[in-house]
Amino acid sequence: MTAVQPDRPTLIDSQALDELVRSSAVPVLADFYADWCAPCRMMAPILDSFAREHAGQVVVVKVDTDASPQAAITLGIRSIPTLVLFRDGREVDRQVGVASPAYLANMLATSGQ
């Protein structure tokens, strides 16, 4: 499996996402994106900061829907960027479109309820 960085988004494929979601002790925030997507590029620096500020509390990963379409198909991703938060091996929240840092923090804070 790809070595996931605790303080920055890590690019992973569909198989690595499945393994990480099943095994992670902390929530996993997956950003489904594509390089050609302008809103996805807007989301990138927000996710960089979020990963740094919440290191140890959440793992942030990126899944390129062009390079790894299987995860997008399996999860029903129809628009990008789509952010999916997983906790304890299951999806607990989803956001389609660009999200603010405050929104991401709220997703994380309420995901354990």
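User: On which sides of β2 are the residues buried or exposed, and how should I read that in a strand?

Analyst: In a regular strand the side chains alternate between the two faces of the sheet. In this predicted model, β2 is covered on both faces, with Val-28, Ala-30 and Phe-32 buried on one side and Leu-29, Asp-31 and Tyr-33 buried on the other. Buried here means under 20% relative accessible area, with exposed over 50% and partly exposed in between, using a 1.4 Å probe and protein chains only. Strands (E, at least two residues) and helices (H or I, at least four) are DSSP runs, numbered from the N terminus.

User: In which sense does β2 pair with β3, and in which sense with β4?

Analyst: Strands of a sheet pair through backbone hydrogen bonds, either parallel or antiparallel. Two strands count as paired if DSSP finds at least two bridges between them. β2 and β3 pair in the parallel sense over 6 bridges, and the chain crosses between these two strands through helix α2 (residues 38-53) in a right-handed β-α-β crossover; right-handed means that, with the strands pointing away from the viewer, the path from the first strand over the helix to the second runs clockwise. Leu-29 has Val-60 as its bridge partner in β3, while Tyr-33 has Asp-64 there. With β4, β2 pairs in the antiparallel sense over 5 bridges, and the partner of Ala-30 in that strand is Val-84.

User: What is the order of the strands in the sheet?

Analyst: The 5 strands form an open sheet in the order β1-β3-β2-β4-β5, with mixed pairing. β1 (10-11) and β5 (90-96) are the edge strands, each pairing on one side only.

User: Which residues have the most contacts inside the largest nonpolar core?

Analyst: A nonpolar core is a set of buried Ala, Val, Leu, Ile, Met, Phe, Trp, Tyr and Cys residues joined through side-chain atoms within 4.5 Å. The largest has 21 residues, and those with the most contacts inside it are Ile-12, Leu-17, Phe-32, Val-61, Ile-80 and Phe-86. α1 (14-23), β2 (28-33), β3 (59-64), α3 (69-75) and β4 (82-87) each supply at least two of its residues. Apart from it lies another core of 14 residues, including Leu-83 and Met-107.

User: Which cysteines form a disulfide?

Analyst: A disulfide is a pair of cysteine sulfur atoms within 2.5 Å. Cys-37 and Cys-40 form one, their sulfur atoms 2.4 Å apart, and both residues are buried. Their link is right-handed, with 75° about the S-S bond.

User: What should I keep in mind about numbering and the model?

Analyst: Residues are numbered from 1 along each chain as its sequence is written, and side-chain values use heavy atoms, leaving out hydrogens and water. Because the model is predicted, local features need pLDDT of at least 70 and side-chain atom pairs count only at pLDDT 80 or more, whereas totals for chains, interfaces and linings use all residues.
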